[in-house]
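Subject: Structure handover

Hello,

Here is the structure I promised to pass on. Please open it alongside this message; my notes follow below.

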Amino acid sequence: MHSYRPRDGHRLAHDPLNSIVAPRPIGWVSTVAADGTRNLAPYSFFNLFNYRPPVVGFSSTGHKDSVRNAEATGEFVWNLATRSLAAPMNETSAPVGPEVDEFALAGLTPEPSTLVRPPRVARSPVAFECRVTRVQELTDVDGRGVGAWLVLGEVVQVHLDESLVVDGVFDTLAADPLLRGGGPADYFTISPEQRLRMARPDAR
């Protein structure tokens with residue numbers, strides 16, 4: 001058993017944490033700056049945290065444009081990254097300045113949102129329009145900031161490609177989501193052969 005204390009280092013070629021907690025949904029987040037400049041960036045630390053009201057969140061290592069914009073405007077949009085959007089999604093991860101419009105950089109068409117200012121990715125089959133509920137720097141056990149910021153938002157509008165809704169159920173497989181793995185470049189997709197169905201036991 002390889003055991004280690006993270007504060008002392010992992011003694012491996014690459015930190016295994018993001019390979020262990022994987023694959024993960026991608027937080028492909030669009031925001032706008034106070035001056036209206038569009039921003040689009042993927043975050044590998046993203047998830048859904050609550051049903052009603054629906055709350056999603058992403059964590060940014062460093063106080064990056066997405067965090068600053070979400071703080072300034074109180075809004076962001078999550079766009080589903082799919083296998084067919086892998087290349088442009090990756091383009092939007094480029095380390096460019098805040099004046100750069102990543103929609104234009106990646107050749108993506110912005111689609112106006114309904115309730116918030118940040119646009120959606122027109123080619124993405126799912127988008128959540130969100131209003132920020134909290135922005136908080138993460139801390140260690142001693143209460144010291146670690147230079148990573150968690151942004152939480154309530155989903156106020158959902159957009160779904162109707163072709164992905166079958167008999168009232170969203171078809172995750174048909175959406176072909178792109179998932180983040182570990183290491184510097186690993187991503188995954190899902191297939192019917194990987195499906196495992198288990199009914200929840202009756203509450204006792």
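Start at Phe170. This residue is partly exposed, with a relative accessible area of 31%. The cut-offs explain the label: partly exposed covers the range between under 20%, which is buried, and over 50%, which is exposed. Please keep in mind that this is a predicted model.

Phe170 sits in strand β12, which covers residues 169–170. Phe170 also belongs to a nonpolar patch on the surface. Its partners there are Val158, Leu160 and Val165, and the patch comes to about 290 Å². Residues need over 30% relative accessible area to count towards a patch. Phe170 has 31%.

Now the chain as a whole. Its secondary structure consists of five helices and 14 strands. The radius of gyration is 18 Å, close to the 17 Å that the globule rule gives for 204 residues, so the chain is as compact as a globular protein of that length. Along the principal axes, the C-alpha atoms fill a box of roughly 50 × 45 × 40 Å. Of the 204 residues, 36% are buried.

Next, the aromatic rings. How many aromatic pairs are there? The count is four. One of them joins Tyr43 and Phe58. That pair is tilted, with 4.9 Å from centre to centre and 35° between the planes. Tyr43 belongs to strand β3 (residues 38–43) and Phe58 to strand β5 (residues 55–61), so the pair ties together parts that are 15 residues apart in sequence. Tyr43 and Phe58 are both buried.

Phe58 has a second ring partner, Phe76. Here the arrangement is edge-to-face: the centres are 5.5 Å apart and the planes make an angle of 80°. This pair, too, links distant parts of the chain. Phe58 is in strand β5, Phe76 is in strand β6 (residues 75–79), and 18 residues separate them. Phe76 is buried, as is Phe58. Taken together, ring pairs join Tyr43, Phe58 and Phe76 into a cluster.

Last, two arginines placed over tyrosine rings. Arg52 lies over the face of Tyr51, 5.9 Å from the ring centre. Arg180 does likewise with Tyr187, at 4.6 Å from the ring centre.

For a first look, I would suggest the cluster of Tyr43, Phe58 and Phe76, then the surface patch around Phe170.

Best wishes

Technical notes. Residues numbered from 1 in each chain as written. Predicted model: local features only at pLDDT ≥ 70, side-chain atom pairs only at ≥ 80, totals over all residues. Heavy atoms only, no water. Phe/Tyr/Trp six-rings, centres within 6.5 Å; stacked < 30°, edge-to-face > 60°. Helix = DSSP H or I, 4+ residues; strand = E, 2+ residues; numbered from the N terminus. Buried < 20%, exposed > 50% of the residue type's maximum accessible area, 1.4 Å probe, protein only. Lys NZ or Arg CZ within 6 Å of the ring centre and 35° of its normal. Patch = residues over 30% accessible without salt bridge, like charges linked within 9 Å, V, L, I, M, F, W, Y side chains within 5 Å. Areas by Shrake-Rupley, 256 points an atom, 1.4 Å probe, with all protein chains shown as cover. Salt bridge = Lys/Arg side-chain N within 4 Å of Asp/Glu carboxyl O. Rg over C-alpha atoms; globule rule 2.2 N^0.38 Å.
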